[in-house]
Amino acid sequence: MRIVVALGGNALLHRGERPDAAVQQANIDRAVTALAALARDNELVITHGNGPQIGLLAVESAADPALSTPYPLDVLGAQTQGMIGSLLARALRGALPGRQVAALVTHTVVRAGDPAFERPTKFVGQIYSREVAHVLARKRGWHIAKDTGGWRRVVPSPAPETIVETDTVHALLSSGTLVVCAGGGGVPVTADHGTGELTGVEAVVDKDFTAALLAEELKADLLLILTDVPNVYTDFGTPRQQPVLDVTPAQLRDSTFPEGSMKPKTEAAARFVERTGGLAAIGALDAAYAIAHGTSGTLVRPELPIG
């Protein structure tokens, strides 16, 4: 079975944790332990978030006196792909002796005219108090918005149109290689219609939407979205909270989920199932094997045929 796995940002850096290398390595070791059992019997492509990491690099770049201007988000996104990809690849090699593993810097084409560039919504970086966030916004020209627990920077998040390296990922999978790619949604670029030349843009593509597109382009059997809760829940965090165990895309869209957390995951799962007729599942990282085998998490499946 060919599985595309989308690791949530909490798999790499939990809320409130210091962004130290040792902390992220420990979290990656935990993630790889959960994925190793799946990787032994399946073709696996792993994508990952980068919100905390790209936010940290953006702060460091903005404060670096050696730079005349900060590095743009597409360059910082490539840096996070290299860093997180290396940590994942090394841990996967250790957990799966003899298995070939490749971490691939991946580019995602977006439309220059995407309306998301006019309405920044994607959270990146750490949480600040209201006062500190507003000071940073004025000083650095940031857009900010309220998130759970405080205020964070928001950046444009255009929709992914295609992934430049899909054929390369296909070739690696055909050779038996486990692939880490499309980290942080991929490096956002526009493509010249005449020459095909790629130009980086100041944005961060949603990693769940990119994972769904990648799974579609790779003809994956399963899109597995891993996060820090065991299921999708309706009325999450309220006394009416109920787990969703088995659902169709239409049923998912009939419910309301938080925009900054579960909403992109449910929409990505719904898109993949609708476009391919395959399966998607959402659940806790530690239960990855059980979710893929239908005994945990939320299964998103096609509509059953009438009659």
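Here is a short conversation about the sheets, helices and cores of a predicted model.

Student: Before we start, what should I know about the numbering and about which parts of the model count?

Tutor: Residues are numbered from 1 along each chain as its sequence is written, and side-chain values use heavy atoms, with hydrogens and water left out. The model is predicted, so to speak of local features takes a pLDDT of at least 70, side-chain atom pairs count only at pLDDT 80 or more, and totals for chains, interfaces and linings use all residues.

Student: In the open sheet of three strands, which strands stand at the edges?

Tutor: Strands, like helices, are DSSP runs numbered from the N terminus (E, at least two residues, for strands; H or I, at least four, for helices). Two strands pair if DSSP finds at least two bridges between them. The order here is 5-7-6, with antiparallel pairing. One side of each edge strand is left without a neighbour in the sheet because each has a single partner strand, and these are strand 5 and strand 6.

Student: Which residue is the bridge partner of Phe 123?

Tutor: Strand 5 (122–128) pairs with strand 7 in the antiparallel sense over four bridges. The partner of Phe 123 lies in strand 7, and that residue is Val 154.

Student: Helix 4 lies across this sheet; at what angle does helix 4 run to strand 5?

Tutor: The buried residues of helix 4 pack against strand 5, strand 6 and strand 7, where contact means heavy atoms within 4.5 Å. Axes are lines fitted to C-alpha atoms, for helices over the stretch in contact, and angles run from 0 to 180 degrees between N-to-C directions. On that scale, helix 4 runs to strand 5 at about 125 degrees.

Student: Why do the buried residues of helix 4 line one face?

Tutor: Buried means under 20% relative accessible area, exposed over 50% and partly exposed in between, with a 1.4 Å probe and protein chains only. The buried residues of helix 4 (residues 130–140) are Ala 133, Leu 136 and Ala 137. The arc is that of the directions from the helix axis to the C-beta atoms. Seen down the axis, these residues line one face because they fall within an arc of 105 degrees.

Student: And which exposed residues does the face turned away from the buried side of helix 4 carry?

Tutor: Just past the end of helix 4, Gly 141 takes a positive phi of about 75 degrees. Within helix 4, the face turned away from the buried side carries Glu 131, Arg 138 and Lys 139.

Student: Which element gives the largest share of the largest nonpolar core?

Tutor: A nonpolar core is a set of buried Ala, Val, Leu, Ile, Met, Phe, Trp, Tyr and Cys residues joined through side-chain atoms within 4.5 Å. The largest one has 34 residues, and those with the most contacts inside it include Val 4 and Leu 214. Elements giving two or more residues include strand 1, helix 5 and strand 12. The largest share is six residues, from helix 6.

Student: In the sheet of four strands, which residue stands opposite Thr 190?

Tutor: That open sheet has the order 8-4-10-11, with mixed pairing. Strand 10 (residues 187–191) and strand 11 run antiparallel, joined by three bridges. Opposite Thr 190, in strand 11, stands Thr 199.

Student: Last one: is Arg 15 buried or exposed?

Tutor: Arg 15 is found in the loop between strand 1 and helix 1. Because its relative accessibility is 53%, Arg 15 counts as exposed.
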